[in-house]
There are 2 protein chains.
Amino acid sequence: MTDAKPLDVVGIGNALVDVLSHENDSFLTEHGLMKGGMSLADADRAHALYDAMGPTTSVSGGSAANTMVGIASFGGSAAFIGRVRDDELGEVFTHDIRASGVRFGTAPATEGPATGRCLVVVTPDAERTLTTFLGAAAEIGPEDVDAELIASAEVTYLEGYLFDQPSAKEAFRCAATAAHESGRRVALTLSDFGCVDRHRDDFLTLVDREVDILFANEAEICALYEVSDFDAALQRVSKHCEVAALTRSARGSIVVSGDEVHVADAHPVDGSVVDTTGAGDAYAAGFLFGFTHGHDLGRCGRLGSLAASEVIAHLGPRPETSLKDLAAPVLQ
Amino acid sequence: MTDAKPLDVVGIGNALVDVLSHENDSFLTEHGLMKGGMSLADADRAHALYDAMGPTTSVSGGSAANTMVGIASFGGSAAFIGRVRDDELGEVFTHDIRASGVRFGTAPATEGPATGRCLVVVTPDAERTLTTFLGAAAEIGPEDVDAELIASAEVTYLEGYLFDQPSAKEAFRCAATAAHESGRRVALTLSDFGCVDRHRDDFLTLVDREVDILFANEAEICALYEVSDFDAALQRVSKHCEVAALTRSARGSIVVSGDEVHVADAHPVDGSVVDTTGAGDAYAAGFLFGFTHGHDLGRCGRLGSLAASEVIAHLGPRPETSLKDLAAPVLQ
């Protein structure tokens with residue numbers, strides 16, 4: 001019975017555990033890290049960086065996984081497809097996502113690289129800079145895309161990061177096809193400006209032909225269209241996909257769908273901004289929860305802002321407070 | 001040269017990684033946990049409890065290890081003796097304690113149980129309830145007590161928890177003897193009221209004959225003397241060891257040494273009390289830093305309160321802000 005229940009959203013992405021430390025800006029320079037970006041690292045490079053980091057906190061992460069947890073926190077129904085190994089961090093990832101109420105059934109790898117991890121350096125301005133060792137997360141392929149699960153979900157949500165690995169990219173395409181064949185919608189997050197640079201042509205074609213709902217921040221959407229001006233990117237994207245939700249940090253977000261344009265202000269943060277890790281993931285969660293529960297696009301944007309404001313007020317990318325409770329005044 | 005430098009404090013204790021989640025009080029009842037206490041669990045029991053917990057955050061812990069990290073955060077010099085396994089959590093523990101500036105050289109176990117972990121349930125009142133799977137931490141024995149290291153440290157700091165395992169208890173006794181033979185001081189934390197109940201006779205003898213500096217909270221010192229009144233316990237302890245620092249949560253602490261009695265108020269918390277995990281460990285850090293840097297006992301108590309106030313303002317048992325910076329106004 002539980003399995004037959006239709007889902008709001010199924011997400012596919014890299015299953016990662018985040019390992020976070022606070023460092024000064026000089027740490028980024030010393031280690032050749034581009035602030036706010038995500039770079040991939042092999043095991044040796046990741047190990048060397050970890051050795052250099054200060055004391056760490058470990059929490060489950062992964063962009064699409066964070067978004068699914070956010071949707072569940074709003075009271076929505078979500079599933080996740082992604083791969084861990086059968087090791088200690090894999091157990092942590094699996095525990096946390098299930099304990100958050102997200103359906104997660106991808107079998108762990110029993111050989112090959114360890115569970116993936118993302119080294120998160122948080123600087124005093126609360127910006128996060130990511131270095132990802134994909135590990136087992138890269139071992140996802142079209143065979144992991146459960147077509148029935150995809151068909152049961154109103155929206156299939158995909159990470160742009162998946163394009164960094166050939167088999168994950170295939171899984172991505174396979175999921176998008178399955179969703180559309182079932183009359184479902186496909187949502188994409190561009191993930192990272194570096195990721196957009198690496199896959200611009202693919203992403204342009206995707207946005208034009210396959211993506212119904214696009215999530216991007218200012219740097220990503222400007223990188224996609226190779227423009228330096230947000231408004232120029234906005235004019236372009238409105239012609240290319242059904243709905244685009246474009247986030248601009250403290251300046252809030254713009255939601256555009258054809259001629260319909262909404263401005264959602266950033267939601268005030270309770271306390272100070274501690275760590276922006278997961279802000280975009282949380283925004284997508286709020287937006288997609290609203291979208292799959294029949295709210296208008298303006299309110300979807302506001303729910304996104306609300307979720308992001310919770311996540312940036314503490315260390316780590318997933319909500320620590322029930323988003324359903326926080327959203328109650330908005331949804332009344 | 002570095003190794004030859006005298007140390008402020010060397011700590012011996014259980015090397016653990018803390019796995020924390022927020023739960024309601026009913027969770028404690030359902031799982032038969034006594035609020036505020038520490039119970040030992042085998043791997044199966046720990047696994048079952050972990051499965052029942054909500055999403056978790058993992059940070060390095062272990063009582064004496066936390067205290068050593070606190071001393072280093074004050075700018076003091078500290079070393080730690082304790083055992084992990086050569087697994088992922090063992091790597092995390094080792095990374096974090098070294099990254100905090102604490103000398104840690106105990107070789108990891110290459111076989112036997114996994115690195116120990118402490119499941120920490122934080123209830124809405126910020127109280128923490130501990131369930132510990134000792135794992136490799138229990139595999140510590142007298143052969144791990146580096147007599148030279150002990151001789152080089154002004155104070156040897158021991159966890160009462162060590163008495164829960166026969167070989168760890170032997171390590172404890174061996175370290176105390178080595179410290180006294182070198183003319184050094186021995187400090188003990190009673191750790192937990194349940195632990196005091198299990199080892200009352202041993203602890204009474206220890207406090208009388210071997211312990212120079214005793215740390216205990218109200219429940220522990222009352223359990224030791226089997227009295228229900230704090231003042232009654234205070235009158236007893238002042239006759240039994242050189243210095244006793246007795247903590248009373250929000251009511252601050254009392255430091256007693258013969259006829260000398262100091263009252264140190266609780267230090268105001270920046271924000272709200274989030275999680276009391278590590279409060280006692282941090283208090284001991286502040287106290288021992290002060291003690292090994294020539295401060296009077298009243299100030300030692302105030303430094304303890306200051307350190308505790310930092311640690312209870314966030315999730316996890318170790319300081320996130322430099323205690324040296326926080327203490328600067330007090331030490332001027």
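**Exercise 1. Determine how strands β10 and β11 of chain B are joined, and place them in their sheet.**

Solution. Strand β10 (residues 185-189) of chain B and strand β11 (residues 213-217) of chain B run parallel and are joined by three bridges. The structure is a predicted model, and the strand assignments are read from its coordinates. One residue pair illustrates the register: Thr189(B) has Phe215(B) as its bridge partner in β11(B). The next step is to locate both strands in the wider sheet. Nine strands of chain B form an open sheet of mixed pairing, in the order β6-β5-β1-β9-β10-β11-β12-β13-β14. Its edge strands are β6 (103-104) and β14 (260-264) of chain B, each of which pairs on one side only.

**Exercise 2. State which operation lays chain A on chain B, and identify the C-alpha of chain A nearest the axis.**

Solution. A turn of 180° with a shift of 0.0 Å along the axis lays chain A on chain B with an RMSD of 0.0 Å. This is the relation of a two-fold axis. In chain A, the C-alpha nearest that axis belongs to Ser58(A), at 2.5 Å.

**Exercise 3. Describe the side of chain A that touches chain B, and explain why the copies meet through the same surface.**

Solution. The contact involves 19 residues of chain A and 19 residues of chain B. On the chain A side, β4 (57-60) and α4 (88-99) each supply at least two residues. The most come from α4(A), which gives six. By character, this side of chain A divides into seven nonpolar, eight polar and four charged residues. Finally, 100% of the interface residues of chain A are also interface residues in chain B, so the copies meet through the same surface.

**Exercise 4. Trace the sheet of ten strands from β3(A) to β3(B).**

Solution. The junction between the chains comes first. Two bridges join β4(A) to strand β4 (residues 57-60) of chain B, and these strands run antiparallel. Within this pairing, Thr57(A) has Val59(B) as its bridge partner in β4(B). The full order is β3(A)-β8(A)-β7(A)-β2(A)-β4(A)-β4(B)-β2(B)-β7(B)-β8(B)-β3(B), an open sheet with mixed pairing. At its edges stand β3 (38-40) of chain A and β3 (38-40) of chain B, each pairing on one side only. Neighbouring strands are turned by 25° against each other on average, direction ignored. Helix α2 (residues 43-52) of chain A packs on this sheet and touches β2 (16-22), β7 (116-122) and β8 (128-133) of chain A. The direction of helix α2 of chain A makes about 140° with that of β8(A). On the chain B side, strands β7 (residues 116-122) and β8 (residues 128-133) run antiparallel and are joined by six bridges. There, Val122(B) stands opposite Arg128(B) in β8(B).

**Exercise 5. Identify which residues touch the most other members of the largest nonpolar core.**

Solution. The largest nonpolar core has 113 residues, and Met68(A) and Leu288(A) touch the most other members. Helix α11 (residues 279-292) of chain A contributes the largest share, nine residues. Leaving aside residues up to four places away in sequence, Leu288(A) touches Val9(A), Ile71(A), Val155(A), Tyr157(A) and Ala187(A). Another core, of 112 residues, lies apart from it and includes Met68(B), Phe74(B), Leu130(B) and Ala223(B).

**Exercise 6. Decide whether Arg209(A) is buried or exposed, and give its distance from Cys241(A).**

Solution. Arg209(A) lies in helix α8 (residues 200-209) of chain A. A residue counts as exposed if 12 or fewer other C-beta atoms lie within 10 Å of its own. Arg209(A) has 11 and is therefore exposed. From C-alpha to C-alpha, Arg209(A) and Cys241(A) are 7.9 Å apart in space, and they are 32 residues apart in sequence.

Methods:
Residues numbered from 1 in each chain as written. Chains lettered and ligands numbered in written order. Predicted model: local features only at pLDDT ≥ 70, side-chain atom pairs only at ≥ 80, totals over all residues. Least-squares fit on C-alpha atoms with pLDDT ≥ 70 in both. Contact = placed C-beta atoms within 7 Å. Helix = DSSP H or I, 4+ residues; strand = E, 2+ residues; numbered from the N terminus. Buried ≥ 20, exposed ≤ 12 C-beta atoms within 10 Å, placed from the backbone. Core = buried A, V, L, I, M, F, W, Y, C linked by C-beta atoms within 7 Å. Nonpolar A, V, L, I, M, F, W, Y, C, P; charged D, E, K, R; others polar. Pairing = 2+ DSSP bridges. Axes fitted to C-alpha atoms, helices over the stretch in contact; angles between N-to-C directions.
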